[in-house]
Amino acid sequence: MAARRPAAPRCRCGPRLRRRPLHRLRRRQLLPPPRIRSPHVRRQQVNGRVRLLQRRRRLPHRATARDPELLITTECGKMLVPPGEIVVIPQGFRFAVDLPDGPSRGYVSEIFGAHFQLPDLGPIGANGLASARDFLSPTAWFEQVHRPGYVIVQKYGGELFTATQDFSPFNVVAWHGNYVPYKYDLSKFCPFNTVLFDHADPSVNTVLTAPTDKPGVALLDFVIFPPRWLVAENTFRPPYYHRNCMSEFMGLIYGVYEAKADGFLPGGASLHSCMTPHGPDTKTYEATISKLGGPDANTPTRLSGTLAFMFESALIPRVCRWALESPSRDLDYYQCWIGLKSHFSHGNDDGPSLAPTDDGDKDGEK
Ligand SMILES: [Fe+2]
């Protein structure tokens with residue numbers, strides 16, 4: 001008996017969705033409705049490498065009455081991108097970002113030499129983390145109008161160049177293939193974690209990865225920490241203290257990050273370079289330690305209303321002068337760990353002492 005094909009899901013941005021085979025991902029087509037441009041709209045065209053845009057709410061401490069959206073026009077079509085979604089634009093595509101709701105901010109990563117793909121699921125098996133079915137790409141859209149003075153911004157060799165033309169670059173009437181822009185709603189990510197004790201490696205939260213030739217070492221992993229349940233027993237539940245060979249750029253899209261009680265606000269970012277030790281701040285550590293052994297220590301709790309992310313790379317980033325001289329730089333960041341003290345104590349020294357002979361992590365990468 002033939003199986004009946006399920007109805008294609010409908011996006012709130014537009015009704016026309018259909019599937020196309022893509023490189024490592026199957027994505028659906030999306031055509032947003034036409035929008036009225038406001039005087040705040042800003043238009044820019046950039047032809048660059050792979051880019052990933054991460055949007056967040058406009059105001060740092062509270063949700064806006066109407067969240068600002070991005071309207072991204074590419075040579076393959078348009079994508080309406082609300083906060084909490086990411087967009088990937090492959091190298092070479094011309095695109096424009098309109099701001100129909102006014103100013104907005106977000107995070108961008110640009111990579112060279114590889115493309116994003118879904119991570120291997122390993123023992124997870126067939127389902128979990130980001131699913132290929134949730135990645136959307138636009139249907140073809142074009143404009144055939146006279147556009148004198150249309151400025152193209154082109155990135156080449158690390159520098160930006162401009163060119164002027166009298167026609168729109170968005171003149172592709174149809175397309176097929178698997179080298180296309182796409183977007184993804186981060187709320188559709190299916191998180192995995194421990195269900196009894198200890199921590200899973202943070203890589204279990206990888207949405208997309210750009211691999212290197214060395215297995216397990218990423219040019220860039222895009223990792224998120226979405227709302228989820230914490231259920232580990234007899235375990236220090238916040239992220240553990242560690243240092244590792246990857247460099248970690250973290251950002252907070254909204255809410256509160258579980259490892260920083262304060263000082264890490266939405267729109268902010270932190271950078272822990274290779275082998276820089278880091279972990280929860282003193283306030284979070286002490287609050288967690290004080291509960292251990294108590295009646296609520298093992299009660300399942302839900303982290304809600306939060307979305308943090310991380311760009312994790314095997315490369316060592318260089319911080320530009322603009323960032324180093326920025327008035328927004330937090331020179332007192334290190335003080336979030338001031339006051340940390342050990343809560344360990346010696347047990348019975350008279351008994352036999354046994355230890356595992358192999359912790360299974362020779363590389364110590366995490
Ligand atoms: Fe880390």
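**Exercises on a predicted model**

Strand β17 (residues 247-254) pairs with β18 in the antiparallel sense, over 4 bridges. The model used in these exercises is predicted.

**Exercise 1.** Determine which strands stand at the edges of the open sheet that contains β17 and β18.

*Solution.* Step 1: write down the strand order, which is β14-β15-β20-β17-β18 for the 5 strands, with antiparallel pairing. Step 2: look for strands with a single partner; these are β14 (206-211) and β18 (269-272), so one side of each is left without a neighbour in the sheet. Step 3: add the geometry; neighbouring strands are turned by 15° against each other on average, direction ignored. Step 4: locate a residue pair across β17 and β18; Met 250 stands opposite Ser 270 in β18.

**Exercise 2.** Classify His 242 and Glu 248 as buried or partly exposed.

*Solution.* Step 1: establish the context; a UniProt record (unreviewed entry) lists His 242, Glu 248 and His 278 under "binding site". These residues are spread over 37 residues of sequence, yet they cluster in space, with a largest C-alpha distance of 11.8 Å. Step 2: place each residue; His 242 lies in the loop between β16 (228-230) and β17, while Glu 248 belongs to strand β17. Step 3: apply the cut-off of 20 or more other C-beta atoms within 10 Å for a buried residue. His 242 has 13 C-beta neighbours inside 10 Å and therefore counts as partly exposed. Glu 248 has 20 such neighbours and therefore counts as buried. Step 4: list the contacts of Glu 248; leaving out residues up to four places away in sequence, Glu 248 touches His 272, Met 310 and Glu 312.

Key:
Residues numbered from 1 in each chain as written. Predicted model: local features only at pLDDT ≥ 70, side-chain atom pairs only at ≥ 80, totals over all residues. Pairing = 2+ DSSP bridges. Helix = DSSP H or I, 4+ residues; strand = E, 2+ residues; numbered from the N terminus. Axes fitted to C-alpha atoms, helices over the stretch in contact; angles between N-to-C directions. UniProt positions renumbered as here; feature names shortened; annotations may be inferred. Buried ≥ 20, exposed ≤ 12 C-beta atoms within 10 Å, placed from the backbone. Contact = placed C-beta atoms within 7 Å.
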